[in-house]
Amino acid sequence: EVEPAFRLQMVVQAGTEFLSLQGEAGRRYAIDSSSDLRNWTEIGEAVSRADGTLKIQDVAADSSSTRFYRARLL
């Protein structure tokens, strides 16, 4: 069985940065952030829409710091 592909990227919409995920439709995802790739903090969970997309804003992000992100299928 082939695993479905997904994409996580930062997008700017109306001057606000969001993480946009393209994954499986109707599935619950958790988005985590890290500043050092060792310690991760969940910034949100959401169920993807019928087209497989979801958007989450990282309200704790500081524009002067480096942030890494990962998505987990729950």
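Select Val-12 and Glu-17 in this predicted model: Glu-17, in strand S2, is the bridge partner of Val-12. Moving to Val-11, the bridge partner to pick out in S2 is Phe-18. These pairs belong to a longer ladder, for seven bridges join S1 to S2, and the two strands run antiparallel. Between them, S1 and S2 leave two residues and so form a hairpin, and in its turn Ala-14 has a positive phi of about 55 degrees.

Next, colour the whole sheet to which this hairpin belongs. Its three strands form an open sheet in the order S1-S2-S5, with antiparallel pairing. The edge positions are taken by strand S1 (7–13) and by S5, each of which pairs on one side only. From one strand to the next, the twist averages 30 degrees.

Stay in strand S2 and select Ser-20, which lies in that strand. Is Ser-20 buried or exposed? With a relative accessible area of 15%, Ser-20 counts as buried, because the cut-off for a buried residue is under 20%. To see what surrounds Ser-20, show the residues in contact with it beyond its neighbours within four places in sequence: these are Arg-7, Leu-8, Gln-9, Val-11, Leu-54 and Lys-55.

Now turn to the other sheet, an open one of three strands in the order S4-S3-S6, again with antiparallel pairing. Here the edge strands are strand S4 (41–47) and strand S6 (68–73), each pairing on one side only. The twist in this sheet averages 25 degrees from one strand to the next. Select strand S3 (residues 28–34) together with S6, and six bridges can be traced between these antiparallel strands. One position to label is Ala-30, which stands opposite Arg-72 in S6.

Within strand S6, centre the view on Phe-68, which lies in that strand. Phe-68 is partly exposed, with a relative accessible area of 31%. Leaving aside neighbours within four places in sequence, the residues in contact with Phe-68 are Asp-32, Ser-33, Ser-34, Ser-35, Asp-36, Leu-37 and Trp-40. A distance drawn from the C-alpha atom of Phe-68 to that of Arg-7 comes to 14 Å, although these two residues are 61 residues apart along the chain.

For the interior, show the side chains of Leu-19, Leu-21, Tyr-29, Ile-31, Ala-46, Leu-54, Ile-56 and Ala-71, the eight residues that make up the largest nonpolar core. Strand S2 (16–22), S3 and strand S5 (53–56) are the elements that give two or more residues to this core. Among the core residues, Tyr-29 repays a closer look. Beyond its neighbours within four places in sequence, Tyr-29 is in contact with Leu-21, Gly-23, Glu-24, Gly-44, Glu-45, Ala-46, Ser-48, Leu-54, Arg-72, Leu-73 and Leu-74.

Finally, zoom out to the protein as a whole, which has six strands and zero helices. The radius of gyration is 13 Å, close to the 11 Å that the globule rule gives for 74 residues, so the protein is as compact as a globular protein of that length. Taken along the principal axes, the box filled by the C-alpha atoms is roughly 40 × 30 × 15 Å. Of the 74 residues, 27% count as buried, while the accessible surface comes to about 5100 Å², with 46% of it belonging to carbon and sulfur atoms. Among contacts with a separation of 6 or more, 51% are accounted for by residues 24 or more positions apart.

Terms used
Residues numbered from 1 in each chain as written. Predicted model: local features only at pLDDT ≥ 70, side-chain atom pairs only at ≥ 80, totals over all residues. Heavy atoms only, no water. Pairing = 2+ DSSP bridges. Helix = DSSP H or I, 4+ residues; strand = E, 2+ residues; numbered from the N terminus. Axes fitted to C-alpha atoms, helices over the stretch in contact; angles between N-to-C directions. Core = buried A, V, L, I, M, F, W, Y, C linked by side-chain atoms within 4.5 Å. Buried < 20%, exposed > 50% of the residue type's maximum accessible area, 1.4 Å probe, protein only. Contact = heavy atoms within 4.5 Å. Rg over C-alpha atoms; globule rule 2.2 N^0.38 Å. Areas by Shrake-Rupley, 256 points an atom, 1.4 Å probe, with all protein chains shown as cover.
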